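This report sets out the architecture of a two-chain model. The sequence and coordinates come first, and the description follows.

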Amino acid sequence: MATVAASPTYTDSAGSHRTGIMDWLTTVDHKKIGTLYLHTALFFFLVGGVEAVIMRAQLMGPNGTLVSAEVFNQLFTMHGTTMVFLVIMPLSAAFFNFLIPLQIGARDVAFPRLNAFSYWVYLFGGLFITIPIFFNAAPDGGWFAYTPLTGREYSPGQNLNFWVLGIQILGISSLAAAFNFATTIINMRAPGMTLMRMPMFTWMSFVVQWLIILAFPVITIALFFMQFDRFFGTNFYAVSAGADPLLWQHLFWIFGHPEVYILILPAFGLVSEVLPTYSRKPLFGYAVVAYSGILIGFLGFGVWAHHMFAVGMGPIADTVFGVTTMLIAIPTGVKIFNWIFTMWGGSIRFTTAMKFAIALIAMFTIGGISGITHAAPPSDMQQTDTYYIVAHFHYVLYGGAIMGIFAGLYHYFPKWYGRKMDERLGTWHFWLNFIAFNLTFFPMHFAGMLGMPRRIYTYDAGQGWELFNRLSSYGAFLMAPAFLIFLWNFFRSKTRGEVAGDNPWDAATLEWSIPSPPPEYNFAQIPMVTSRYPLWDITHPERMAGIPHSAEGWDDAKQRTGEHVTSGGKHEADVAPMHIESERRSAKELGIPMPNPTIKPLWVAAGILVLFSSLPVMYAGKNMIAFAMMAIGGSMFVGFLYAWLTTPMEDAH
Amino acid sequence: MAHTAAESHAPTHHYTTTGLDNRKVAIWMFIGSECMLFASLISTYLIYKGKNLVGPLPHEAWTNPQTGQVMPAILDIPVTSVSTFVLLMSSLSMVLALAAVENRGKPVPPGLGGRILSSSKLWLFMTCLMGAIFLGFQAYEFTSFVHEGLTIRRNLFGSSFFTLTGFHGAHVTAGVIWLGTLLAIDMKRGLQPKDAVWVDIAALYWHFVDVVWIAIFTLVYLIQ
């Protein structure tokens with residue numbers, strides 16, 4: 001709206017008395033934690049991308065000799081693990097952190113310190129699982145680590161220990177964050193922000209938190225079994241003791257399939273914000289989009305064995321899981337059509353964010369259709385463990401999740417940093433990336449149909465795979481510069497981008513009603529919401545004809561209009577009807593209590609890292625050192641946790 | 001009066017969409033997550049039931065073909081029934097502890113009974129004590145099983161039994177430490193009704209751990 005002359009900045013907070021690195025190490029502000037997640041995940045994106053490029057260089061022609069089979073095993077294992085657990089989930093977490101409180105009209109998440117803890121555990125877990133690659137000891141059992149290959153008998157090295165313990169550490173981070181965000185969404189919404197008025201990103205995030213809450217404990221147990229087998233000689237996956245080798249596969253995929261939706265639903269949420277904004281129309285069929293998200297989450301727990309058609313579960317199990325898998329295409333298809341109808345008749349602006357969002361619709365649809373072809377067990381028998389599967393899941397995870405996240409990044413960058421990313425570079429990034437992506441993964445369908453198996457480190461000439469592998473490798477080599485353009489644009493625009501103003505895209509949800517970047521307290525006065533697109537009620541009432549309005553939920557707000565005292569002794573109402581805030585003040589001036597920064601969550605997370613690190617040391621036979629590390633890690637964990645819980649979150653007021 | 005004045009400034013913190021405290025919402029979700037954790041453990045135990053290649057076995061006697069030695073069924077249901085009873089009773093004292101904290105400041109019911117009922121320290125202590133007794137029974141059970149030749153490496157039953165009941169025992173241990181910390185705070189400065197939510201979430205956790213034990217006791221011990 002109003003032109004902003006001064007350069008926007010984060011450091012408007014007179015309340016914050018720490019600067020520099022300590023500010024980041026002790027922060028409990030959801031926006032800063034989101035920023036930490038974002039940068040760490042982009043770093044790991046680079047790592048996972050380098051792994052992919054090395055693999056494609058190895059496979060460019062037959063009988064490649066760039067890397068050994070051992071190194072190749074580590075590369076594909078770490079590429080998958082990195083992209084799933086260290087890139088897409090944390091990029092989603094960056095948006096959960098930054099956006100959820102802003103979208104629901106809250107001043108922070110429900111548990112700000114737990115939020116910092118989640119980030120530090122993620123960082124330490126990511127380093128724990130990544131650093132071994134420099135010692136040629138990275139995990140090498142595939143990202144789903146099938147037993148008995150990954151048992152001590154067949155994988156005696158330390159490699160798998162880093163995987164099993166690293167995923168365990170990352171699970172702690174995801175679960176802690178999920179409890180936090182689900183509580184935030186249930187309990188911290190602004191007056192009038194009923195469930196059916198939540199922005200769609202918050203809706204999809206809400207579903208994802210439930211998936212994490214219910215799916216991660218299953219992998220936790222499966223990992224504990226593997227850990228006990230490897231470290232203490234139990235028999236959970238020991239076929240020689242009568243164990244069923246499929247137990248791991250079932251437990252893994254009961255987690256693993258909901259995990260797929262954990263990866264994709266946040267991206268669905270992001271494009272559901274992007275498409276209405278640039279189509280200048282409300283989201284078509286809001287309620288159905290929300291319900292189909294819930295249905296995807298629900299059905300997602302009933303399809304896991306479609307990853308296991310080849311193991312011989314029998315015709316009844318195969319049929320049931322084939323049918324449930326096809327069913328899940330219905331709510332997904334509903335979403336696709338809703339997005340298309342959102343654009344239909346809209347007056348579309350083709351910004352970079354919009355291009356990425358449309359790319360998601362198209363590319364995810366291709367991935368979805370190839371997915372249906374292996375929902376049918378007989379067809380899957382031909383495709384399983386081939387490059388066709390690799391093509392499929394890159395179309396849904398890169399073409400879906402990553403495209404959606406890029407759309408979200410270009411869309412929300414101005415809110416995050418107060419400046420726009422460069423649209424010209426963005427266009428270059430989009431087209432290069434789009435072409436490179438299809439060049440890399442589309443030929444894999446053919447290579448797979450011609451029988452090329454996944455995970456082979458090399459292949460002989462004369463099987464008809466050369467052309468497709470060559471094209472895929474060219475595509476991968478093109479994808480790297482596309483990503484570098486993005487990184488250049490991202491870091492450059494932080495300081496040199498065009499100053500954006502509060503609502504540069506003319507968007508409709510609460511996060512755009514406050515300054516960019518948001519002040520530490522987010523909302524000086526919590527807005528009272530009457531509709532799904534509260535900001536358009538003010539800026540574009542003509543778009544709001546079909547949208548229901550009511551003052552539902554305002555009764556509760558009356559309790560909180562009880563005024564609170566500001567430091568200047570003035571009285572100000574804490575909540576106010578929907579309004580635009582462009583004034584930037586400090587929390588102290590406004591008398592809004594903010595949680596104190598604290599380093600304790602970092603130390604608790606470090607305690608967990610030391611505890612888990614003791615196990616590989618024990619595996620190496622150095623028991624005394626391992627016990628010492630356990631004692632140190634355990635006391636760090638207990639001591640700092642006690643100190644954390646007995647320190648009030650904010651100063652008495 | 002200064003105290004109440006300070007409290008009146010705080011409604012912003014107590015306002016939530018559902019009216020429930022954040023911690024209470026979170027503990028319910030944590031319990032939901034824990035259900036999946038124990039469901040995975042219990043399912044694994046049940047899947048591996050009857051698939052052992054060697055004994056000792058839970059409900060049947062087993063003859064070692066090499067030594068000719070006969071090993072009796074290993075589970076001792078009467079002893080575990082006692083520890084189960086103790087653990088269930090601890091839920092009762094947990095309820096009384098929470099009620100005592102919530103009602104602090106209200107008039108104490110007359111007589112000795114009223115004073116006993118309103119002592120949160122007593123009931124927190126009793127809950128911890130009964131939890132510790134349960135753990136003592138479990139330690140006794142584990143050691144006697146090991147003496148009878150059932151270790152965590154011995155067979156599928158050993159691996160899945162010790163892991164399942166061990167996870168439950170670890171949860172009880174965490175609960176005893178948690179309640180013990182609350183007891184220490186109660187003795188130091190006295191828990192007030194405003195602290196009741198801390199006791200409340202500890203109690204929800206404790207009851208959950210109890211309920212899980214009912215499932216384990218039924219599925220592992222009682223059903224042959």
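## Nonpolar core

Leaving out residues up to four places away in sequence, A:Ala222 touches A:Trp248, A:Leu251 and A:Phe252; two residues are in contact if their C-beta atoms, placed from the backbone, lie within 7 Å. A:Ala222 is also one of the residues with the most contacts inside the largest nonpolar core, which has 242 residues. The others named for this are A:Val271, A:Phe356, A:Ala357, A:Leu360 and A:Ala407. Another core, of 7 residues, lies apart from the largest one and includes A:Ala507, A:Trp512, A:Leu535 and A:Trp536.

A nonpolar core is here a set of buried Ala, Val, Leu, Ile, Met, Phe, Trp, Tyr and Cys residues joined through C-beta atoms within 7 Å. A residue is buried if 20 or more other C-beta atoms lie within 10 Å of its own, exposed if 12 or fewer, and partly exposed in between, with C-beta atoms placed from the backbone.

## Basis of the model

The model is predicted: local features need pLDDT of at least 70 and side-chain atom pairs count only at pLDDT 80 or more, whereas totals for chains, interfaces and linings use all residues. Residues are numbered from 1 along each chain as its sequence is written, while chains are lettered from A and ligands numbered from 1 in the order in which they are written.

## Helix α7 of chain A

Helix α7 of chain A covers residues 246–279, 34 residues in total. Its first and last C-alpha atoms are 48 Å apart, close to the 50 Å expected at 1.5 Å a residue, where the expected span is 1.5 Å times one less than the number of residues. A kink of about 30° is centred on A:Trp253; the bend at a residue is the angle between axes fitted to the seven residues ending there and the seven starting there. Because 32 of its 34 residues are buried, α7(A) is largely enclosed by the rest of the structure.

After the helix comes A:Arg280, with a positive phi near 55°. Before it, the loop between α6 (200–232) and α7 of chain A holds A:Val239. This valine has 13 C-beta neighbours inside 10 Å and therefore counts as partly exposed. Leaving aside neighbours within four places in sequence, A:Val239 is in contact with A:Pro148 and A:Pro245. Its C-alpha atom is separated by 9.6 Å from that of A:Thr147, 92 residues away along the chain.

## Overall form of the chains

Chain A has 19 helices and 4 strands; helices (H or I, at least four residues) and strands (E, at least two) are DSSP runs, numbered from the N terminus. Its radius of gyration of 25 Å agrees with the value near 26 Å for a compact globule of 653 residues. This radius is taken over C-alpha atoms, and the globule rule is 2.2 Å times the number of residues to the power 0.38. Of the residues of chain A, 55% count as buried.

Chain B has 8 helices and 2 strands, in the order α-α-α-β-β-α-α-α-α-α. Its radius of gyration is 22 Å, against a value near 17 Å for a compact globule of 224 residues. The C-alpha atoms of chain B fill a box of roughly 80 × 40 × 25 Å along the principal axes, and 35% of its residues count as buried.

## Interface

Across the interface, 31 residues of chain B are in contact with 35 residues of chain A. On the chain B side, α2 (11–14), α3 (22–48) and α7 (156–189) each give two or more residues, and α3(B) provides the largest share, 14 residues.
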